[in-house]
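The following exercises introduce a protein chain through its computed geometry. Please study the sequence and the model, attempt each task, and then read the worked solution.

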Amino acid sequence: MRLGIRLLFAFFLINGIAAFFVLRVFMAEIKPSVREVMEDMMVDTANILAELASEDLAAGRLAAGADNSSTSPFAQHVRRYATRPIDAAIWGFSKQSLDYRIYVTDTTGRVLFDSENRAIGADYSQWRDVARTLRGEYGARSTREVEGDDTSGVMHVAAPIYVKEQIAGVLTVAKPTRTVQRFIDRAERKVFMGGLLLLALSAAVGVAVTLWMVWNVRRLRDYALSVQGPADGEHHDPGTPPTTALAVPEVPGELGDLARAMDRMRARLEGRDYIEGYVRALTHELKSPVAAIRGAGELLQDELPAADRAGFATQVVQQSERLQRIIDRLLELSKLEQRQHAEGRVPVALHDCAEAAVAQTRARAGQRGISLVLEGHGTSGPWEAELVTLALTNLLDNAIDFAPAGSTVRVELAGSTVAVQDSGPGVPDYALPRLGERFFTTARPGGERSGSGLGLAIVRRVMALHGGQMVVRNTAPGLRVGLEFSHP
């Protein structure tokens, strides 16, 4: 299971459980809370009415006559209350009826007065509201008018009627719970819809956080993949530090710490790989001249004819010069690899750099019977003259090594491009992509393999410092190496 799916699943699971319990608590608390508020108001109402009914009860005026009527002023006021017209707008609901039922019982629990004339003379002494109140306790009850129908419940709240500080009766206020049910239903709907909205918003936040987290993790993954080295089947110069790594991702918090830790680890690993590859390649390259010098030296210890002795001495000198060239170029390449960019502060003419390179290599070319020709003028740009000349010198040296005696090596200038063209055997197509790797060489025309590959490695590095590129192609005959500098 992918990280994003796991995070989303965990978030929705936690959020869903929390939402379920929170909504369940809210929904479960709405109905009892509303009824508790209603009961509190009914307590106040019952006690006020009990005070108002005390004089009529003491005077015996609450008892109904044969026609179930009463001459009690209290009873008449209550009946007029029940018939009052009402049209009240309460928080969006219309109230058009008065719902209190009021009845009064004596000390035996017999009903003396009932605002609805439903139970006059009935014995209510066993009802909880009456019985507890007569004992001096708080009396209240909730009774269903229809058995099994929760919506038919009626709440009864009683208050004692005092005469001369003695309980002389009980006044009960009753109110159907269905009168507040619509308020309960609306509150439940609002809580439910609010809960769904909260769940949706939480889900949106969860998706956003998950996407943010996955995006940053994928950036770290891409960064890690970019610095792990070439993929299977790809070739990488073992002595050259990788240059395709992405920049360290800018991510906050612990992920940022992880990115920086990965970068430090990358630097250490690349440094180790660079040194290991460098040493392996250098050791391999130095074995041949060292072995030749050793062999010639051992032979020179014996008695040899003068001609053989001179030949072996010449071989020692040549191999020593080869070692010196390798070391010099390695040092030059090492210095170039420590730099991040060229330092071109003033315009430099490619023609001037080409002339300097031709001048430096003309003597060596003449020894091999090769002519050097400079064509074109080129342009000027903010390049580093010394590095451009170094690159062209190495290209000319390489062309001189491969060009046949009596041929011509051309240096062609065109705009911000300079190319070196020889008429040698060229390079096998499979080797073209690898030209410029340190210590990678191809056979010379005579079959010898005396090069180190460092010359083209220096050229490629110089072009990288200038933001340009080295382009190599076979021209049959010969090889053409073009240096394309960035436009000034």
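**Exercise 1. The cavity**

Task: Determine how many cavities of 30 Å³ or more the chain contains, and state which residues line the largest cavity.

Solution. The model under study is a predicted one.
Step 1. The count gives one cavity of 30 Å³ or more.
Step 2. The volume of the largest cavity is about 40 Å³.
Step 3. Its lining consists of Leu395, Asn398, Ala399, Val420, Asp422, Leu479 and Val481.
Step 4. Assigning these residues to elements, one finds that α8 and β14 are the elements that give two or more residues to the lining. The largest share, three residues, belongs to α8.

**Exercise 2. The overall composition**

Task: Describe the chain as a whole: how many helices and strands does it have, and what percentage of its residues is buried?

Solution.
Step 1. The secondary structure amounts to nine helices and 14 strands.
Step 2. Of the 488 residues in the chain, 37% are buried.
Step 3. Consider contacts between residues at least 6 apart in sequence: 63% of them join residues at least 24 apart.

**Exercise 3. The nonpolar cores**

Task: Identify the residues with the most contacts inside the largest nonpolar core, and name the element that gives the most to this core.

Solution.
Step 1. As background, nonpolar side chains in soluble globular proteins tend to be buried together.
Step 2. In this chain the largest nonpolar core comprises 39 residues, and those with the most contacts inside it are Leu392, Leu395, Leu396, Val409, Met470, Leu483 and Phe485.
Step 3. At least two residues of this core come from each of α7 (350-367), α8 (385-402), β11 (408-414), β12 (417-421), α9 (454-465), β13 (469-474) and β14 (479-484). The greatest contribution, eight residues, is that of α8.
Step 4. A second core of 25 residues is separate, and includes Ala46, Leu57, Ile102 and Leu171.
Step 5. To view the largest core from a single residue, take Leu483. When neighbours within four places in sequence are left aside, the contacts of Leu483 include Ala391, Leu392 and Leu395, as well as Val459, Met463 and Met470.

**Exercise 4. An antiparallel sheet**

Task: Give the order of the strands in the five-stranded open sheet, and state which strands lie at its edges.

Solution.
Step 1. The order is β4-β3-β7-β6-β5, with antiparallel pairing.
Step 2. The edges are β4 (111-114) and β5 (140-144), each of which pairs on one side only.
Step 3. From one strand to the next, the twist averages 25 degrees.
Step 4. The pairings may now be taken in turn. Strand β3 (residues 101-106) is joined to β4 over three bridges, and Tyr103 has Asp114 in β4 as its bridge partner. β5 and β6 are paired over five bridges, with Ser142 opposite Met155 in β6. Between β6 and β7 there are 10 bridges, and Val154 stands opposite Pro176 in β7.
Step 5. Helix α2 (residues 73-82) lies across β3, β4 and β7 (166-176), and runs at about 40 degrees to β4.

Task: Explain why strand β6 is described as largely enclosed by the rest of the structure.

Solution. A residue is buried when its relative accessible area is under 20%. Nine of the 11 residues of β6 (residues 153-163) are buried, and the strand is therefore largely enclosed by the rest of the structure.

**Exercise 5. Backbone exceptions in two loops**

Task: Determine which peptide bond is cis, and establish whether Lys164 is buried or exposed.

Solution.
Step 1. As a reference point, most residues other than glycine have a negative phi, and most peptide bonds are trans.
Step 2. The bond from Ala476 to Pro477 is cis, with omega near 5 degrees. Pro477 belongs to the loop between β13 and β14, and Ala476 lies in the loop between β13 and β14 as well.
Step 3. Although Ala476 is not a glycine, its phi is positive, at about 45 degrees.
Step 4. The hairpin of β6 and β7 has two residues between the strands, and Lys164 in the turn has a positive phi of about 55 degrees.
Step 5. Exposed means a relative accessible area over 50%. Lys164, at 79%, is therefore exposed, and Ala476, at 71%, is likewise exposed.

Technical notes
Residues numbered from 1 in each chain as written. Predicted model: local features only at pLDDT ≥ 70, side-chain atom pairs only at ≥ 80, totals over all residues. Heavy atoms only, no water. Core = buried A, V, L, I, M, F, W, Y, C linked by side-chain atoms within 4.5 Å. Buried < 20%, exposed > 50% of the residue type's maximum accessible area, 1.4 Å probe, protein only. Helix = DSSP H or I, 4+ residues; strand = E, 2+ residues; numbered from the N terminus. Contact = heavy atoms within 4.5 Å. Pairing = 2+ DSSP bridges. Axes fitted to C-alpha atoms, helices over the stretch in contact; angles between N-to-C directions. 1 Å grid on protein atoms, 1.4 Å probe; cavity = no way out; pocket = protein on both sides within 12 Å on 5 of 7 lines; lining within 4 Å. Points joined across faces, edges and corners; volume = space filled by probe spheres on them.
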